[in-house]
Amino acid sequence: EYRLLRAVKNRFGSINELGVFEMLKQGVFPVANPSEMLLSQRARGASGSVVFCAMQGSRPILCDLQALAARSFYPMPRRTVGGVDSSRVALLLAVMEKRAGKKLFDQDVYVSVAGGLELDDPAADLAICLAVASSLDNFQLAPTLCVMGEIGLCGEVRPIAQAERRVAECVRLGFTDILLPSQNLKGLSHVGGARITGVDTLMRALAVAL
């Protein structure tokens with residue numbers, strides 16, 4: 001039903017721009033609000049789901065990042081990933097074990113980006129960790145929560161690029177609770193109607209969100 005169009009070479013601008021189109025009987029038509037489209041079928045009342053604002057070129061797009069942690073009955077627990085880098089997910093699971101005390105060595109972990117998006121944005125780190133922790137603890141995150149932040153090997157939450165544009169898109173679509181790195185709060189202008197919380201560590205982010 002939906003098609004994603006991306007330029008791989010552009011002499012006059014960014015090659016990371018993303019066009020979202022809908023296939024109809026009359027032809028192919030652009031989707032004016034892809035964030036709303038990607039979140040329209042989001043699961044309600046379920047653990048393991050968190051909203052993340054990704055930057056696709058200069059366009060902020062909100063997506064549903066999902067994770068499932070279930071007890072493994074295999075000698076080697078399975079790690080199945082779709083839409084994000086599998087090696088990055090393995091690194092984040094190790095950080096959660098070491099820095100946040102989340103026992104994942106006996107859990108099958110599945111991570112997916114709903115809607116077919118491919119994310120290479122390091123700001124998705126915190127959203128992945130919160131989605132996995134939410135599923136592991138069987139705890140539903142607030143439906144108005146949007147999460148973004150890069151995570152280092154020591155469990156620190158590092159600043160992200162274009163935080164103000166991401167926050168503005170979250171507020172525009174009605175997300176009033178935003179979790180992002182503390183360092184991004186310094187250059188962030190006041191956004192009415194939103195409660196923005198800065199975190200320095202993964203442990204602090206888990207405490208705030210869960």
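Me: Accessible areas come from the Shrake-Rupley method with a 1.4 Å probe, and for residues only the protein chains shown count as cover. How much area does the chain expose, and what share do carbon and sulfur atoms supply?
Reply: About 11,000 Å², with 53% of that supplied by carbon and sulfur atoms. Keep in mind that this is a predicted model, where local features need pLDDT of at least 70, side-chain atom pairs count only at pLDDT 80 or more, and totals for chains, interfaces and linings use all residues. Residues are numbered from 1 along each chain as its sequence is written, and side-chain values use heavy atoms, leaving out hydrogens and water.

Me: OK, how many helices and strands are in the chain?
Reply: Five helices and twelve strands, taken as DSSP runs numbered from the N terminus (H or I, at least four residues; E, at least two).

Me: And what does the C-alpha trace span along its principal axes?
Reply: About 50 × 40 × 35 Å.

Me: How much of the chain is buried?
Reply: Buried residues are 44% of the 210, where buried means under 20% relative accessible area with a 1.4 Å probe, protein chains only.

Me: Switching to H3: where is it, and how far does it reach?
Reply: H3 covers residues 125-136, twelve in total, and runs 17 Å from its first C-alpha to its last, close to the expected 16 Å (1.5 Å times one less than its number of residues).

Me: Is H3 largely enclosed or open?
Reply: Largely enclosed by the rest of the structure, because eleven of its twelve residues are buried. Among them are Asp125, Leu130 and Ser135.

Me: What follows H3?
Reply: Asparagine 138, with a positive phi near 55 degrees.

Terms used:
Buried means under 20% relative accessible area, exposed over 50%, partly exposed in between (1.4 Å probe, protein chains only).
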